[in-house]
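Q: I am new to this structure and would like a close look at a single part. Please keep the sentences short.

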There are 6 protein chains.
Amino acid sequence: MDAFFKDVMAAGQFMACDTPWNQAKVGLFGAPFDGTTSFRPGTRFGPSAMRQVSDSMEDYSPYQDKHVQDAFVRDLGDIELPIGDTAMALDLIEDTCRHILQEGKKPAMLGGEHLVTLATVRALAERYPNLHILHFDAHTDLRDAFLGVDLSHATVIKKCWDILGDGRIHSFGIRSGLREEFVFGYDHLDFHPFLIGSGNIGKSNKISSREELITSYQKSIDALARTLKARSIPLYITLDLDVFDPGIMPGTGTLEAGGLSFLEVLDLILRLEGTHLVGFDMNELSPPYDPTGQSTALALKLLREMLLLL
Amino acid sequence: MDAFFKDVMAAGQFMACDTPWNQAKVGLFGAPFDGTTSFRPGTRFGPSAMRQVSDSMEDYSPYQDKHVQDAFVRDLGDIELPIGDTAMALDLIEDTCRHILQEGKKPAMLGGEHLVTLATVRALAERYPNLHILHFDAHTDLRDAFLGVDLSHATVIKKCWDILGDGRIHSFGIRSGLREEFVFGYDHLDFHPFLIGSGNIGKSNKISSREELITSYQKSIDALARTLKARSIPLYITLDLDVFDPGIMPGTGTLEAGGLSFLEVLDLILRLEGTHLVGFDMNELSPPYDPTGQSTALALKLLREMLLLL
Amino acid sequence: MDAFFKDVMAAGQFMACDTPWNQAKVGLFGAPFDGTTSFRPGTRFGPSAMRQVSDSMEDYSPYQDKHVQDAFVRDLGDIELPIGDTAMALDLIEDTCRHILQEGKKPAMLGGEHLVTLATVRALAERYPNLHILHFDAHTDLRDAFLGVDLSHATVIKKCWDILGDGRIHSFGIRSGLREEFVFGYDHLDFHPFLIGSGNIGKSNKISSREELITSYQKSIDALARTLKARSIPLYITLDLDVFDPGIMPGTGTLEAGGLSFLEVLDLILRLEGTHLVGFDMNELSPPYDPTGQSTALALKLLREMLLLL
Amino acid sequence: MDAFFKDVMAAGQFMACDTPWNQAKVGLFGAPFDGTTSFRPGTRFGPSAMRQVSDSMEDYSPYQDKHVQDAFVRDLGDIELPIGDTAMALDLIEDTCRHILQEGKKPAMLGGEHLVTLATVRALAERYPNLHILHFDAHTDLRDAFLGVDLSHATVIKKCWDILGDGRIHSFGIRSGLREEFVFGYDHLDFHPFLIGSGNIGKSNKISSREELITSYQKSIDALARTLKARSIPLYITLDLDVFDPGIMPGTGTLEAGGLSFLEVLDLILRLEGTHLVGFDMNELSPPYDPTGQSTALALKLLREMLLLL
Amino acid sequence: MDAFFKDVMAAGQFMACDTPWNQAKVGLFGAPFDGTTSFRPGTRFGPSAMRQVSDSMEDYSPYQDKHVQDAFVRDLGDIELPIGDTAMALDLIEDTCRHILQEGKKPAMLGGEHLVTLATVRALAERYPNLHILHFDAHTDLRDAFLGVDLSHATVIKKCWDILGDGRIHSFGIRSGLREEFVFGYDHLDFHPFLIGSGNIGKSNKISSREELITSYQKSIDALARTLKARSIPLYITLDLDVFDPGIMPGTGTLEAGGLSFLEVLDLILRLEGTHLVGFDMNELSPPYDPTGQSTALALKLLREMLLLL
Amino acid sequence: MDAFFKDVMAAGQFMACDTPWNQAKVGLFGAPFDGTTSFRPGTRFGPSAMRQVSDSMEDYSPYQDKHVQDAFVRDLGDIELPIGDTAMALDLIEDTCRHILQEGKKPAMLGGEHLVTLATVRALAERYPNLHILHFDAHTDLRDAFLGVDLSHATVIKKCWDILGDGRIHSFGIRSGLREEFVFGYDHLDFHPFLIGSGNIGKSNKISSREELITSYQKSIDALARTLKARSIPLYITLDLDVFDPGIMPGTGTLEAGGLSFLEVLDLILRLEGTHLVGFDMNELSPPYDPTGQSTALALKLLREMLLLL
């Protein structure tokens, strides 16, 4: 296009994510796949909904006193995915992530449903054999199969564990699942459900307030950050947006009351400053269930903060 | 449950579709599958949305002067389908349809996306080798594959043609597709697109009003009905609800302006009275895009009329 | 309020319906009652929704070449009705209508559900013993009782017939009801359902197009207008907005596909020019089911035309 | 139905609430009545909306480490209620509750508006003369009459007090009402409004944080539980969902900012473990005002926890 | 970006509108301005809403038997407009249009409110002194000022007339305005309101059906096309989407019942084939009032047809 | 109107705000202007949306133990504002405010976008040269110009500072803006952003919980109240509703996650009791983005509390 239009036309890209590819440090891309969503579909529209309102978000983060420009991000757009063939879709996402890694950059992926995480974890685990994952979610996602289907949003963390093994996945916010998934979580993951009450099978004592839970979360994340830093362990963050309370994040597939607030999650993530972050994804934003736009706006703001952390 | 509750509680089933199975002539079931939907998903909620408001519909059709009870229908509920494995889902639907046929009854299926039609057509073509299909749709659905995927809502009529061959599929209402699909339609189907203008490749002359189109439709359906009756040919109707104008049927996946009205379609269907109808399906109702309920109400009313025609 | 505010502030009243009461010819009022609505409630919000957007409507009707001001209307506001006591609510509406008549003015009522018509008809029949009613509706409303309840939106026309007797109610647009209601309609009313097909019990021959129906409606209304004028019979119009097609009037309680268009109804009403109109009501606007505002805008425009006809 | 369909079809009933009636311990039923709702109607759709999405809810509660199956619940469906005759509707609900009690089971009712509680309390108070009620609500509901109507959602707790007398109703969460209702509450109920500020007429000192309020609530509930257990007093819980903050429960009739969170209410309810619970109801869910489904999902999750407490 | 992404990523641009600028024949751009909208704002989101769903639209038009690619269009994106300074916004749009004309290409503009047309007409009238305008609209837009403001969506056609003078503007579809605007229209424009009834000030006889209106429209457009072709007059089309019936186009600012259908407008436009079209705009799409997406889909389909006509 | 209607008709005015003007102490008016809104318009509908549901709000505040009637408020209605001419609109608002002040009453204004505050501040600063402003907001609003436009919602606090100077504006809740706006805020205002994290440029130490933030806010407001009381300084409150968390206030133009709760803001405001309040405004309520009504209900409740504080 000629120079005239450069001046007059709006950018049409994610907020300040227009670093030329050869200077970019982060490759941001959408993976608009929701082919295994069992309840309310729609996360395929997540990345485009975020992009459409990204002009309304400031580039500057007053929480971190940084600008998005400082993160040298390139918005690569959305992968064009086949709907109806799960394996083929995951392969395309894995290829994209691998290509970004080969170029020496970090992947930042916007789902789509949570299953897309399996694709990036495959590529990342290949590159970083000692990869750890920080997992924010309302659901365990630890089933072996769901309604007879192996590759499913409800099995994704189990599939990641198949790759990484015990003690490498750190789960926070969980408040829904089968009993056997909770048992598995306590046995094989670094597992921190977000529960009050006495039933909680992995705990010895009763918790009756979210303040207690949050304090324990802060301690656990601080300890994790220390360990990761001490041993230079590469960390990937996968954040299922349903970890937030439905009151602030209604636009997601399966709503679980009793979740975290924005400032609580932001605080936990900021505590990771200085660790070796090798990428992240944010998933399960479902715009058809977000008539007010509040879920999309929250996701966008969190994206800014996470990009600045990379 | 005891007798008390029988008196007091609401029926909780489709309007007057509670004929005991051994007396039933029609097996009505939902096939809530939308795994290959390429644009706006949500048709998985179609059958339950219709069931939820079915109390608001009268059992009596003043158009046909009959009651739904006269059709001896049994609402079997919704098939529990795996999301994420298209082949497995189609097999389950095909088994259900085959079972209904084996019991000597007629299938009436509510989608779900249009691909579910392939499953019933497989079962029906096995039973009725000379099956014909009356196809109402806005889209050709004649692709060979869509985004690299073979089994897709965009390929379903092509897959049916693979089974039935030339001249057995009668298509009405089509107004969108690839150019090669239109060419294929004119060459291999009894093909009646719903188009004005001069470009229409299969027509020799220009049409400029819907009145002309409707009159030609009425003649074609009358001729078809005569042929079918004369030769006792079994007929299956597959009706993609996007054949209607989006003004009256906004709650569907892909909206195509310039469609048919309710009375126009009803009139065409009533002209089939006396033919050998062996089943039907109605698909692509997407409740998330029907905030006013108008699409669900229209589908429900058409379902009543179609059940009474069986 | 002082003069300053008169200049600066918006009118806050129905479009040009601010004639001082002693000069007014028409008393316009809301009857926001939906206590017997069996399916989707919400018509209680009808009058306030119309008032809220009435600034967006022009005072001038290009169809009749008149201004609302020429009708000398006073917007009296909404009656404050008890919810939960149907009889008390109807009494209040009847009193209001009677008071308007006693002042020598004509009532124009905005529902609420259709049952409110019973209240105005009581008051009007007292004043005009030879009252006729022109009834536009999708539903027969001719039940004796509904779910064990006598006073109901589903019985309102039957209750009016109890007062007026045979041949005084002229029904148009009907396309839903019990079979016995249709039989009753043909036997006791001047009954014009809006039906195609062969089943139609009161007709000898099959109708297959809306054009035929509309032409017959125009003839029937013209004949009615002639008779009314010849005998100076007072006429009341009750218009249930569900007579319109749900595609243009989704914001109503019970949606019946296959209805009339705006221009068709407007044309029928304009044919009444010169008859002795003594009042009208328009009912069943349900704003919660009108997310786009199209139903409210249509009702408002029709209100303007009906006020100009009074 | 035959065995084939049993395998293939989805359950179509409330999550795991299919215990045969003779083995059931709890009778769950809907009372879809909203005939006296003064502001935004729609709670009639509450039970069906919950049932429609109940497949998306896990049977397992990680808070209590129990499965819904352990509660032996039978979903009886919805009572078919006359709209427009309040007394008749209440009688039908009372009969249903009485029948459940006579069968030796506990009632669990889903409203509908809050007035339905009067019907169950009548039946329960007959059976348990020393019944106490735990009342969660944003509103006092202590009027004598509302807009001239005696039986109203705004009078329901007053009507319960007429039956039970002083000190038997324990109210939490109240933050709206007439001044005289607050005075009555302090004088005749065990009354715990959810208020900050200095105006609070029943309190001697000013409260400025919700933490203080919550701590005082926990103490009060613990004390109540001790007393109830010590004297084996039968307890009924009536929970108006508007006790929750509108941010997490927008889908209700009258919204009152400044309410409780999900974990706060859950914690209070779990503190009742071991008391003699004889039934409960949950009311005022209004799906038309819940476009995201968050209110329905919260109600469903709370229902699971309350069923497990019975 | 490197070649890998070219293959994998979705286009992210308007359907097939990616012709390199130096080969392009048409410059398509958005003018997202709604600063003078008096009733319901939101047209600023029109172009981005269309772009976001443009992947769901086929490139092929079966009406014209052509592909969008044949029109050599370049989507230039949206102009970044100041909100709050109307004159500055219009200047930017005029500059953009002038630049496109200077490059020897044709402008195709997506509003935004109707006022944006004034900017393109200024640039086009400068280039083509004998410019004619074909104007589709529900409203006259012939005020001198609106609420004291000179530059307004309600004055835009009057401002165009100030530039072009008598007989150069051909208006169709009009059904709302002040009486003096209708008088002005009949006196100074080639004015074809879309009205039934007897009041119609410019007509000698009464029209009672839309069929008559449409037939007269077809004749008028045919005559216009003949004249334009005979004299090689440059024609610009400005189409306010509210010319369509609100039943099919609810997503616009001011809704006027009784409008045109999609096929009617398409037919009229196709009759212009062979005239010297120098550009067009389509405006007043307001996505916040289009919850079903039907308005956006209609606009997109019409855009395809209009691009193919250029 | 005659006495009959006075008895029967609903008030049609803001809850209990019908004090005759000569006895009124407060003039309440709407300023429905959103002409410079850069992202999502719609605040022009704020005042009418609040008025429409105001009947559902109790006159009695249990927080302050007072009735709205005690505040002697007169609802003056909405100013009729030109859309498209910002300066003219601000002048009209300023005139209205000045007129109210001249009559010896206090202004209470409902926006509209935040820019309307500039108009009231102009009139108030003229009257009270030592005016202070308490500013609640999510955004700094301290730009010099926005997209080249001087008078903008994004510049309004800067324009107020131009009038009042350093140290007279007390800002709370801020969590978004340009870096230079934050710097300006710390340098020239009494500036209290609502931020956690270490980046916060004006703070020496890291804050990680909202409890800390709220405690510091309570102390700051208490100190401010003491100073104002000691020196009898006139105070104006301008409250941008986006200061609240989007979870409880989604119906606003630009959503910023991580905001305040209703009880937190109410507590802060109640701490001002006894100061010399000379007026207030509440702005940025955008009903098109409030499908559940929760935002409007919150604003209405806060309005009651603020009126009672005047």
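Of the residues of chain A, which comes closest to the rotation axis, and at what C-alpha distance? Please then go on from there to the other local features.

A: This is a predicted model. The residue you want is A:G247. Of the residues of chain A, A:G247 comes closest to the rotation axis. Its C-alpha lies at 3.0 Å.

Where does the axis come from? Chain A can be superposed on chain F by a rotation of 120°. The shift along the axis is 0.0 Å, and the RMSD is 0.0 Å. That is the relation of a three-fold axis.

Chains E and C can be treated in a similar way. A turn of 120° lays chain E on chain C, with a shift of 0.0 Å along the axis. The RMSD of this fit is 0.0 Å. In chain E, the C-alpha nearest the axis belongs to E:G247, at 3.0 Å.

Now to the surface. Chains A and F meet again here, along with chain D. A:E211, A:E212, D:E211, D:E212, F:E211 and F:E212 form a negative surface patch. Helix 7 (210-230) of chain A supplies at least two residues of this patch. So does helix 7 (210-230) of chain D, and so does helix 7 (210-230) of chain F.

Take one member of the patch. A:E212 sits in helix 7 of chain A. Its relative accessible area is 41%. A patch residue needs over 30% relative accessible area, and no salt bridge. A:E212 passes that area cut-off because its value is 41%. The same 41% makes A:E212 partly exposed.

Next, the backbone. Two peptide bonds deserve a look. In chain C, the bond from C:G111 to C:G112 is cis, with omega near 20°. C:G112 is placed in the loop between strand 5 (106-111) and helix 4 (116-127) of chain C. In chain D, a cis peptide bond joins D:G111 and D:G112. There omega is about 10°. D:G112 is in the loop between strand 5 (106-111) and helix 4 (116-127) of chain D.

Two residues have a positive phi without being glycine. One is B:F72, with phi near 50°. B:F72 lies in the loop between strand 3 (66-67) and strand 4 (73-78) of chain B. B:F72 counts as partly exposed, at 33% relative accessibility. The other is E:S232, with a phi of about 50°. E:S232 lies in the loop between helix 7 (210-231) and strand 9 (234-240) of chain E.

Notes. Residues are numbered from 1 along each chain as its sequence is written. Chains are lettered from A and ligands numbered from 1 in the order in which they are written. This is a predicted model: local features need pLDDT of at least 70, side-chain atom pairs count only at pLDDT 80 or more; totals for chains, interfaces and linings use all residues. Side-chain values use heavy atoms; hydrogens and water are left out. Patches are made of residues with over 30% relative accessible area and no salt bridge: like charges are joined within 9 Å, nonpolar side chains (Val, Leu, Ile, Met, Phe, Trp, Tyr) within 5 Å. Accessible areas come from the Shrake-Rupley method with a 1.4 Å probe; for residues, only the protein chains shown count as cover. A salt bridge is a side-chain nitrogen of Lys or Arg within 4 Å of a carboxyl oxygen of Asp or Glu. Lys and Arg count as positive and Asp and Glu as negative; His and the chain ends are not counted. The place of a charge is taken as NZ of Lys, CZ of Arg, CG of Asp or CD of Glu. Helices (H or I, at least four residues) and strands (E, at least two) are DSSP runs, numbered from the N terminus. Buried means under 20% relative accessible area, exposed over 50%, partly exposed in between (1.4 Å probe, protein chains only). Copies are superposed by least squares on the C-alpha atoms of residues with pLDDT of at least 70 in both.
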